[in-house]
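Me: Let's go through this model together, one question at a time. Keep the cut-offs explicit, please.

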Amino acid sequence: MSAQLLGAHMPTAGGLGNAIRKGHEIGCAAIQVFTSNPQQWRAKEVTSEMVLEFLSACNETGISDVISHDSYLVNITSLEEDVRDRSYKYLKGEMNRCAQYGIDHVVSHIGSSKGQTLAQALASAAEVILNLFEETPPEVTLLMETTAGQGSDLNSKFEEIATILDLCHGHQRLGVCLDTCHVFAAGYDIRTSETYHKTFDLFDKLVGVGRIKAIHSNDSKRLLGSTIDRHAHIGEGEIGELAFRLLVNDPRFDNIPILLETKEPETMHPINLGRLKAMRES
């Protein structure tokens with residue numbers, strides 16, 4: 001087999017149901033969405049009509065693998081009390097909204113270590129995550145996204161992800177969303193067969209590949225180890241085509257959503273999705 005759940009982050013203008021239908025039109029088998037504006041703290045209340053429309057779209061299209069991404073404002077480890085409290089409230093609300101829709105995975109950048117030691121920030125993240133699990137529906141899993149290492153962002157190193165998992169006692173509601181652009185920018189080479197397998201072997205040793213519940217499939221505009229998060233279209237960046245060919249034919253990810261987050265979704269998502277599909281081996 002090869003990757004069965006190729007898809008993309010779809011714009012939600014017109015509602016989540018519209019995102020599902022448009023994703024289906026371009027050939028998505030899995031979709032990522034924002035359930036609210038990612039640049040605002042406030043979120044609309046989810047109504048029964050909104051849920052029904054979303055579920056109807058899923059039933060019509062046969063798409064059942066839908067993932068949410070939380071707000072870019074969230075920083076649950078912030079030393080600023082207002083930001084930390086807002087982040088907690090927002091992420092808790094996001095997990096509750098997802099439960100209403102029947103979306104079982106939420107991707108989050110988690111936070112940063114600004115103004116504190118790395119150890120303090122990781123411990124803070126774990127404490128907040130465990131509190132969130134106490135106050136949110138058990139069917140929703142939180143996915144820590146691998147980051148590019150910009151500034152003081154957490155989880156650019158596999159060791160940091162492993163530490164949070166350990167501090168959370170390996171909680172089953174905690175997983176990982178691996179972003180190909182981010183890991184490359186953070187210094188993990190995946191451009192050749194040798195380096196691809198070396199990187200994922202290291203991840204498996206430190207974290208466990210089984211913790212990867214979603215993958216963001218993005219090429220990188222910047223060089224290996226740049227720590228700069230700039231997505232490029234598939235095969236047009238510094239990572240190159242081979243890494244994505246290896247990814248979509250890696251049996252460990254046959255049934256894991258592999259999602260595009262590239263620019264110009266209206267025109268380029270169909271092209272990038274076609275490129276990934278063409279790389280699959282029968």
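Reply: Sure, a term we'll need: buried means under 20% relative accessible area, exposed over 50%, and partly exposed in between, with a 1.4 Å probe and protein chains only. This is a predicted model, so local features need pLDDT of at least 70 and side-chain atom pairs count only at pLDDT 80 or more, while totals for chains, interfaces and linings use all residues. Residues are numbered from 1 along each chain as its sequence is written, and side-chain values use heavy atoms, with hydrogens and water left out.

Me: Is Cys181 buried or exposed?
Reply: The relative accessible area of Cys181 is 0%. The cut-off for buried is under 20%, so Cys181 is buried.

Me: How many disulfides does the count come to?
Reply: A disulfide here is a pair of cysteine sulfur atoms within 2.5 Å. The sulfur of Cys168 is 17 Å from the closest cysteine sulfur, in Cys177, so that is too far for a bond. Cys181 is in no disulfide either, with the nearest cysteine sulfur, in Cys177, 12 Å away. The count comes to 0 disulfides.

Me: In what order do the 8 strands close into a barrel?
Reply: Strands are DSSP runs of E, at least two residues, and helices are runs of H or I, at least four, numbered from the N terminus. Two strands pair if DSSP finds at least two bridges between them; β1 (residues 6-9) and β2 (residues 30-33) have 3, in the parallel sense. The barrel pairing is parallel, and the order is β1-β2-β3-β4-β5-β6-β7-β10.

Me: Which residue in β2 does Ala8 stand opposite?
Reply: Strand β2 covers residues 30-33 and pairs with β1, residues 6-9. Opposite Ala8 stands Ile31.

Me: Which helix gives the largest share of the largest nonpolar core?
Reply: A nonpolar core is a set of buried Ala, Val, Leu, Ile, Met, Phe, Trp, Tyr and Cys residues joined through side-chain atoms within 4.5 Å. The largest one has 75 residues, and Ile129 and Phe203 are among those touching the most other members. The largest share of this core, 8 residues, comes from helix α4 (residues 118-135).

Me: What radius of gyration does the protein chain have?
Reply: The radius is taken over C-alpha atoms, and the globule rule is 2.2 Å times the number of residues to the power 0.38. With 282 residues, a compact globule would come out near 19 Å, and the chain agrees with that, at 18 Å.

Me: What percentage of the 282 residues count as buried?
Reply: Using the under 20% cut-off, the share of the protein chain that counts as buried is 54%.
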